[in-house]
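User: I'd like to learn how to read a model like this one, feature by feature. Could you walk me through it?

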Amino acid sequence: MSRRGALLFGAMCLIWGIPYLLIKVAVRDFSPGTLVFFRTGIGAALLLPIAAFRRELHPVFARWRPLVGYTAVELAVPWLLLSKAEQRLPSSLTALLVAAVPMVGALLAWIVHAREPLGVRGYAGMLIGLAGVAALVGFDVSGASGGSVAMVAIVVVCYATGPLILARTLADLPPLGVVAASLTLCSLGYAPFGLTHLPTAPPARVLASVVVLGVVCTALAFILFFYLIAEIGPVRATVITYVNPAVAVVLGVAFLGESFGFGTALGFVLILLGSFLATRPARHLATRPAGRPATTLARRPATGPARRGARQPTPPRDTPQPAQIAEP
């Protein structure tokens, strides 16, 4: 891995590992709906002009029906439920539960695409991952938080379903245009609630958490992620899925005083091992994952010939397999 790739990889591991901490801090004063509005609104305000300048919005909004469905499943529903769940669940526990997304995604992809059976390794991964979830719930979740666990379960299913919708209906569209349009639709949908339920004089650290969520963990994160794919390829980029929960656990324990007991440790190991086994392709299958065509943020819009002698970015070989990456 090049130095540039290593820096991008490390940045993404951190950037998509800290939202759980920031959400936990923000929901102390912001209602979940208001938080989603500001996070998506800030992200849209930063990415929409870039996508418009690159002329990547028109083809996306022309396919508005699947865009609305993707936005609801990937952003509107899970980000709301995630914020509501963290009102009662520790941020570290929430992150570990969300780490089951690759495992659920592998199962959904197999069901939808009716491909070859998952095999012994795949089924073993499912069982190990479920054992990890059971360890987390059994050791670290009280009865009062059962509803919050159910919310996170819905988040996991949504995160696993969103990429499937993307691959089937929006695969040929510019990824930056899709992200910018989705953030815009989500922020507009939450605007009536968000603007009428503003918190009263929230502390500075709460405001800072909201700003960082929108600027760093949303807008900047997607831009860096596209460049990461272009630099190291989608298969290696998916490894961040297994690092993000560890970052979230460390931050939750260090800054929020959350406990790290036996159940957390056992569940962490089992869920990540199960997700790895369930999503690891069989040796006899092609290594190229099914997904949208190769694209990169650095691509120039097709408005004319490239300047002679200008250095052209190297496009990624392919894109992430559906349901392997879930942005928190």
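User: Let's start with bends. Where does H10 bend, and by about how many degrees?

Analyst: Keep in mind that this is a predicted model. To read a bend, you compare the helix axis before a residue with the axis after it. Here H10 bends by about 55° at tyrosine 190. Look just downstream as well: a proline, proline 192, follows within four residues.

User: How many residues does H10 have, and what is its reach from first C-alpha to last?

Analyst: H10 covers residues 175–196, which is 22 residues. Its end-to-end reach is 32 Å, close to the 32 Å expected at 1.5 Å a residue. Try the check on H1 too: its 13 residues should span 18 Å, and the end C-alpha atoms are indeed 18 Å apart.

User: Staying with H10, is serine 182 buried or exposed?

Analyst: The cut-off for buried is under 20% relative accessible area. Serine 182 has 1%, so it counts as buried. This serine lies in H10 and, leaving aside neighbours within four places in sequence, is in contact with Leu67, Tyr70, Thr71 and Leu75. Its C-alpha is 7.5 Å from that of valine 68, although the two are 114 residues apart along the chain.

User: What does the overall fold consist of, in helices and strands?

Analyst: The protein chain has 14 helices and zero strands. Of its 328 residues, 50% are buried. For a sense of how the chain comes together, take the contacts with a separation of 6 or more: 89% of them join residues 24 or more positions apart.

User: How should I read the cores? Which residues touch the most other members of the largest one?

Analyst: The general idea is that in soluble globular proteins, nonpolar side chains tend to be buried together. In this model, the largest nonpolar core has 76 residues, and Met12, Trp16, Leu35, Phe225, Leu228 and Ile240 touch the most other members. Helix H11 (residues 204–232) supplies the largest share of this core, 13 residues. There's also a second, separate core of eight residues, with Val60, Tyr70, Leu173 and Val178 among them.

User: What does leucine 35 touch, beyond residues up to four places away in sequence?

Analyst: Leucine 35 touches Ile23, Ala26, Val27, Phe30, Ser83, Val210 and Leu213. As for H1, its buried residues are Gly5, Leu8, Phe9, Met12, Cys13 and Ile15.

User: Now the rings. How many aromatic pairs does the structure hold?

Analyst: Five. For each one, check the distance between centres and the angle between planes; an angle over 60 degrees counts as edge-to-face. Tryptophan 16 and phenylalanine 222 are edge-to-face, at 5.7 Å centre to centre with 80° between the planes. Tryptophan 16 sits in the loop between H1 (3–15) and H2 (19–26), and phenylalanine 222 in H11, 206 residues apart. Tryptophan 16 is buried at 2% relative accessibility, and phenylalanine 222 is buried at 9%. Tyrosine 242 and phenylalanine 276 form another pair: their centres are 6.3 Å apart and their planes at 75°, so this one is edge-to-face.

User: Why does the pair of tyrosine 242 and phenylalanine 276 tie together separate parts of the sequence?

Analyst: Because tyrosine 242 lies in helix H13 (residues 240–256) and phenylalanine 276 in helix H14 (residues 262–279), the pair ties together parts 34 residues apart in sequence. Phenylalanine 276 is partly exposed, at 37% relative accessibility.

User: Which residue lies over the face of tryptophan 79?

Analyst: That's arginine 39, at 3.8 Å from the ring centre. And one aromatic cluster to look up is made of Trp16, Phe222 and Phe225.

Key
Residues are numbered from 1 along each chain as its sequence is written. This is a predicted model: local features need pLDDT of at least 70, side-chain atom pairs count only at pLDDT 80 or more; totals for chains, interfaces and linings use all residues. Side-chain values use heavy atoms; hydrogens and water are left out. Helices (H or I, at least four residues) and strands (E, at least two) are DSSP runs, numbered from the N terminus. The expected span of a helix is 1.5 Å times one less than its number of residues. The bend at a residue is the angle between axes fitted to the seven residues ending there and the seven starting there. A nonpolar core is a set of buried Ala, Val, Leu, Ile, Met, Phe, Trp, Tyr and Cys residues joined through side-chain atoms within 4.5 Å. Buried means under 20% relative accessible area, exposed over 50%, partly exposed in between (1.4 Å probe, protein chains only). Contact means heavy atoms within 4.5 Å. Rings of Phe, Tyr and Trp (its six-membered ring) pair if their centres lie within 6.5 Å; planes under 30 degrees apart count as stacked, over 60 as edge-to-face and the rest as tilted. A charge sits over a ring if NZ of Lys or CZ of Arg is within 6 Å of the ring centre and within 35 degrees of the ring normal.
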